[in-house]
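Hi,

Here is the structure I promised to pass on. Have a look at it first, and then read my notes below.

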Amino acid sequence: MLLQVHLSWAADDDTALRLAHEQWRTAILGSDVGWDLATPGNFAEATAYVRPEDMREHVLVSSDPARHAHWLREYADLGVDEFYLHHVGKDQDEFLDVFGARVLPEMT
């Protein structure tokens, strides 16, 4: 079984939550709504009332690599064989460094 996991990691929890809200809040609309929105302004209007804390239902948000490893192990225990990790933030290099050193080794 394969699973794409949307996550937000940063040096602190507040930043991780802010990144999730800034970069990924439109994703919580779902495809049924998203397909009908034609402009960036439409997306902004549709997500105007999405609060940062709402993101926790759709994105794994934490500054703690051990917490992310725990979440991934829970999925693995359900039978997930392969993960596709999608960090919603823009700093992919730091994400790859941290997850390569501190999260992925915990998965073996």
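**What I found**

Let me start with one histidine. H87 is buried, because its relative accessible area is 4%, and a residue counts as buried when that value is under 20%. Please keep in mind that this is a predicted model.

H87 is found in strand 3, which covers residues 82–87. Leaving aside residues up to four places away in sequence, H87 touches L7, S8, W9, Q92 and F95.

Next, the strand pairing. Strand 3 runs parallel to strand 1, and the two pair over six bridges. Within this pairing, V5 stands opposite L85 of strand 3. Strand 1 also pairs with strand 2 in the parallel sense, here over two bridges. One of the partnerships with strand 2 joins S8 to V61.

Which strands do the buried residues of helix 1 pack against? They pack against strand 1 (2–8) and strand 2 (60–61). The buried residues in question are A16, L17, L19, A20 and H21.

Helix 1 also passes a simple length check. It has 12 residues (13–24), so at 1.5 Å a residue it should span 16 Å, and its end C-alpha atoms are indeed 16 Å apart. At its N-terminal end, helix 1 is capped by D12, with a side-chain oxygen of D12 lying 3.2 Å from the backbone nitrogen of D14.

Happy to talk it over whenever suits you.

Best wishes

Terms used
Residues numbered from 1 in each chain as written. Predicted model: local features only at pLDDT ≥ 70, side-chain atom pairs only at ≥ 80, totals over all residues. Heavy atoms only, no water. Helix = DSSP H or I, 4+ residues; strand = E, 2+ residues; numbered from the N terminus. Expected span 1.5 Å × (residues − 1). Buried < 20%, exposed > 50% of the residue type's maximum accessible area, 1.4 Å probe, protein only. Contact = heavy atoms within 4.5 Å. Polar contact = N/O pair within 3.5 Å; in protein donor to acceptor, adjacent residues only side chain to side chain. Pairing = 2+ DSSP bridges.
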